[in-house]
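I opened this entry to look up how the chain packs and what surrounds the ligand. My notes follow in the order I took them.

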Amino acid sequence: MILVTGGAGYVGSLLVHELLAQGHRVRVVDRFWFGDPFSPHQRLELIDGDIREFSDAWLDDVHSVIHLAGLSNDPTADFAPDLNSESNVLATRIIAEATARHAASVGKEVRFLLASTCSVYYSPASTDELNVRMMTELLPVAPTANYSKTKRMAELEVLRVADRTPEFCPVILRKGTIFGASPRMRFDLVVNTFTLHAWRKGEVTVHGHGEAWRPLLHIRDAVDAYAHLLWVPSDSVRGVTFNLVHKNYRVLELAHWVSEVLQERGADIKVRRDRSMTNGSRSYYVNGDKITERLGFRADRGTRESILEIWDQLERGEYGTEPENNPHYFNIAWLKQTLISETGEGIRKEVVV
Ligand SMILES: NC(=O)c1ccc[n+]([C@@H]2O[C@H](COP(=O)([O-])OP(=O)(O)OC[C@H]3O[C@@H](n4cnc5c(N)ncnc54)[C@H](O)[C@@H]3O)[C@@H](O)[C@H]2O)c1
């Protein structure tokens, strides 16, 4: 049995379908914030639960854990910093410790794949410096943003647990910014956002200078990497951190690329620069060679087919008539709406807007 936390999310929903297709038994623990993307399946168990209240029973019969649940971008982490720390750090520690106890009690290795992010490489620095540094797993990281700081802390938590329990086998996967279609779609990720804007407005807007770098990754390569990491020998991965990136793009270059690709659909998409808003210096260029050199895994898939696929889905109305106004596709819009409407004044105090 493979336990997938956050298995109903953007990455998780596609990953769970793939694990089932490969014949595995899968248990999903999720709060189903964005709905339930699954049809009933005899090898799939769904638990509507909160990882902050993790139950050891969720580990019954489990040989591998893929830990995806939590807040998954900067805006949500900044909007709800306490929820971010609880979900991304404290819950990760609790799950890692529970998994280690479970592994020790069954006397067998239990693999623990932690969803980390290339955002840990971003910390404020001069633009010149950011533009010349290629980040590898060997470089020290000191993220300062709420989201990336807690993702880094989560990495340290699982490594600390691994020091004490030999049967606990964590692997850290720092994924680039993902693009592509998923049963639980996100339109708040740069390629998906640009494609939505191109479709809706006939233009893509780049804020600031557009020179910032982003490491990008196809969602299916993310899924394949998790499936691959489940089965490689533990001595080549235990406690190891891997970047997972297809290619780094400058944001402006990416906008032009989306426009160029969509010419294949007969669309004339303008690229607009809005210099009144800056994206700060959030820029990071990440090297993803290690996972290829060590494990032979390569994130090969490019953006072109995803841009066309998402465009065609939008044309067919698969995301409704006004996806740009549907909070389910934008984590921050969804969280703002839900936290404020469900928790009321008392909890709102802990939210810093
Ligand atoms: N999407 C990306 O570009 C990207 C890039 C790098 C890393 N990551 C990481 O990968 C993971 C998955 O990202 P995603 O894009 O699928 O995110 P997502 O927001 O689509 O999915 C997160 C899932 O976790 C669930 N969840 C959140 N808090 C929970 C809690 N306390 N208890 C139980 N369930 C909870 C939500 O209901 C949701 O289904 C995250 O850890 C994210 O930080 C994502």
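I looked up the largest nonpolar core (buried Ala, Val, Leu, Ile, Met, Phe, Trp, Tyr and Cys residues joined through C-beta atoms within 7 Å) and found 93 residues in it. I took buried to mean 20 or more other C-beta atoms within 10 Å of the residue's own, with C-beta atoms placed from the backbone. Those with the most contacts inside this core are Val4, Leu15, Phe112, Leu173, Ala222, Leu244 and Val258. Helix H8 (residues 251-262) gives the core its largest share, seven residues. Another core, of seven residues, lies apart and includes Leu71 and Leu335.

The model is predicted: local features need pLDDT of at least 70 and side-chain atom pairs pLDDT 80 or more, while totals for chains, interfaces and linings use all residues. Residues are numbered from 1 along each chain as its sequence is written.

I then checked Leu244. Beyond its neighbours within four places in sequence, its contacts (C-beta atoms within 7 Å) include Leu173, Leu217, Ala222 and Ile291.

Next I turned to the ligand. Around it are 28 residues (C-beta atom within 6 Å), and Gly6, Gly9, Tyr10, Trp33 and Ile178 come nearest. Helix H1 (10-21) supplies the largest share of this shell, three residues. Strand S5 (110-117) and strand S8 (177-179) each supply at least two.

Last, I noted the whole chain. Helices (H or I, at least four residues) and strands (E, at least two) are DSSP runs numbered from the N terminus; I found 11 helices and 14 strands. Of the 353 residues, 45% count as buried. The C-alpha trace spans about 60 × 45 × 40 Å along its principal axes.

Key: A residue is buried if 20 or more other C-beta atoms lie within 10 Å of its own, exposed if 12 or fewer, and partly exposed in between; C-beta atoms are placed from the backbone. Two residues are in contact if their C-beta atoms, placed from the backbone, lie within 7 Å.
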